[in-house]
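Please open the structure in a viewer and keep the sequence beside it. The tour below proceeds from the whole chain to a single residue.

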Amino acid sequence: MSGYGFPVGLWRTLEQRRPPGIQRLRQFRSPLRGPWLTSVFGLVLLVTLPIVILTGLLSYIAYGPQFGQAIPAHVGWLRLPIFTWPTRPSWLYRLTQGLHVGLGLVLIPVVLAKLWSVIPKLFVWPPARSIAQFLERLSLLMLVGGVLFEIVTGVLNIQYDYIFGFSFYDAHYFGAWVFIVGFLMHIALKIPHMISGLRSRSLREVLRTKVADTRPESPDETGLVAENPAEPTMSRRGALALVGSGVLLIAALTVGQTLGGPARSVALLVPRGRGRDFPVNKTAAVAGITPEAVGDNWRLVLRGGPSEVVLDRAALAGMAQHSARLPIACVEGWSTVQTWSGVRLADLARMAGVPAPRSAFVASLQRGGAFGTAILAANQISDPDALLALRVNGADLPLDHGYPARIIVPALPGVHNTKWVAAVNFEPS
């Protein structure tokens with residue numbers, strides 16, 4: 001055994017069999033690289049990434065995994081502590097998912113800058129000379145691989161419909177856990193280095209230093225400082241300004257998807273909803289909704305009581321109507337606020353003979369595809385603003401928005417606000 005903890009023969013073999021291109025790492029000679037700059041980017045990610053992680057896990061819980069309708073449905077020992085997702089405040093899911101997607105997008109320049117600051121060290125050879133180094137490399141593999149996978153698949157899912165040859169939701173969930181484990185391991189191993197790196201120089205001093213006065217950091221055990229640093233072409237404050245400008249630019253080009261209104265027109269990186277304050281994820285044509293299915297012969301069937309209750313749209317319009325201004329928020333990050341009117345779900349439950357339902361199974365006329373059904377919890381049925389909506393903004397629902405009737409529940413993920421409702425089965429307590 002060697003003093004490093006790995007067999008000498010293995011270490012020497014790896015040393016002699018260097019992968020092609022490893023020598024090119026010597027071309028990375030920026031004098032800006034070093035513990036301080038890497039630690040600054042690390043601190044930003046240490047504060048913000050937990051928010052992205054937490055809001056992502058909350059999104060999974062909001063989908064109702066206790067009803068088997070969250071994707072993936074079977075997660076084994078990765079099962080989260082489940083609680084009933086609240087309906088108040090009505091903008092809760094809009095906030096959590098808006099933060100998850102929006103913050104995830106604006107952090108892309110910081111993630112890339114952090115990777116740039118350590119890129120020579122990512123490909124050192126041999127990759128590990130001790131058990132401690134092996135654990136560090138493993139945490140790096142999980143951290144870097146996980147975050148890049150989550151970013152790439154997340155951005156593609158926002159931009160395009162179902163382009164993957166696998167389930168995005170399954171992959172994103174399990175990929176998130178790979179990233180989370182790597183993130184926690186990396187924090188445990190690297191936070192002392194980050195603290196010492198931040199203390200190595202003053203931020204005020206960095207912000208006052210021009211390009212001509214920029215000097216490399218002193219070489220240290222981290223190996224982040226180039227062996228033969230090149231002349232500076234940018235100061236450290238310039239690097240921070242460049243990354244910060246990238247963050248602000250992405251924020252300006254994406255935040256409109258969550259805020260809605262006029263800001264949506266500048267959400268250039270979110271083409272699905274750009275220029276429209278009432279986006280549509282799934283059109284009637286895509287869902288296979290035919291004119292005959294939503295015409296005069298359409299009926300709503302209520303089940304759960306002693307006998308079925310069958311209502312046409314005229315009967316629903318003749319019932320007590322309630323209006324509420326509520327948001328719809330999508331897992332992709334966009335949201336919109338509209339004024340909905342229709343019949344309270346609680347009134348329909350009483351009409352069905354189930355005054356205090358435990359849950360409700362909602363079925364759509366949709367043909368095929370995901371989210372053609374949804375299960376609502378007791379609090380989502382009883383909320384006074386939970387509606388079977390017939391109208392929006394004073395007019396009948398457009399076909400693409402669910403005509404003749406759709407579900408609207410405060411703080412519910414958008415896909416569970418089922419469109420083109422055909423039946424509601426109330427489960428007695």
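The stops that follow name what to select and what is found there.

**The whole chain.** Begin with the entire protein chain, which is a predicted model. Its C-alpha atoms fill a box of roughly 80 × 50 × 35 Å along the principal axes. Colouring by secondary structure should bring out 13 helices and 10 strands. Of the 429 residues in the chain, 49% are buried. Among contacts between residues at least 6 apart in sequence, 70% join residues at least 24 apart.

**The surface.** Next, display the accessible surface of the protein chain, which comes to about 20900 Å². Carbon and sulfur atoms account for 63% of that area.

**Residues 290-426.** Now select residues 290-426, where an unreviewed UniProt entry places the feature "domain: Oxidoreductase molybdopterin-binding". Over this stretch the chain is 12% helix and 40% strand. The C-alpha atoms at its two ends lie 27 Å apart.

**A nonpolar patch.** Then select Ile131, Phe134, Leu135, Leu138, Leu141 and Leu189 together; these residues form a nonpolar patch on the surface. Their accessible area together is about 530 Å². Which helix gives the most to the nonpolar patch? Helix 5, spanning residues 131-159, does so with 5 residues.

**Phenylalanine 134.** Finally, centre the view on phenylalanine 134, which is placed in helix 5. Why is this residue classed as partly exposed? Phenylalanine 134 is so classed because its relative accessible area is 43%, and the partly exposed class lies between the buried limit of under 20% and the exposed limit of over 50%.

Technical notes: Residues are numbered from 1 along each chain as its sequence is written. This is a predicted model: local features need pLDDT of at least 70, side-chain atom pairs count only at pLDDT 80 or more; totals for chains, interfaces and linings use all residues. Side-chain values use heavy atoms; hydrogens and water are left out. Patches are made of residues with over 30% relative accessible area and no salt bridge: like charges are joined within 9 Å, nonpolar side chains (Val, Leu, Ile, Met, Phe, Trp, Tyr) within 5 Å. Accessible areas come from the Shrake-Rupley method with a 1.4 Å probe; for residues, only the protein chains shown count as cover. A salt bridge is a side-chain nitrogen of Lys or Arg within 4 Å of a carboxyl oxygen of Asp or Glu. Helices (H or I, at least four residues) and strands (E, at least two) are DSSP runs, numbered from the N terminus. Buried means under 20% relative accessible area, exposed over 50%, partly exposed in between (1.4 Å probe, protein chains only). UniProt positions are given in the numbering used here, feature names are shortened, and annotations may be inferred rather than shown by experiment. Contact means heavy atoms within 4.5 Å.
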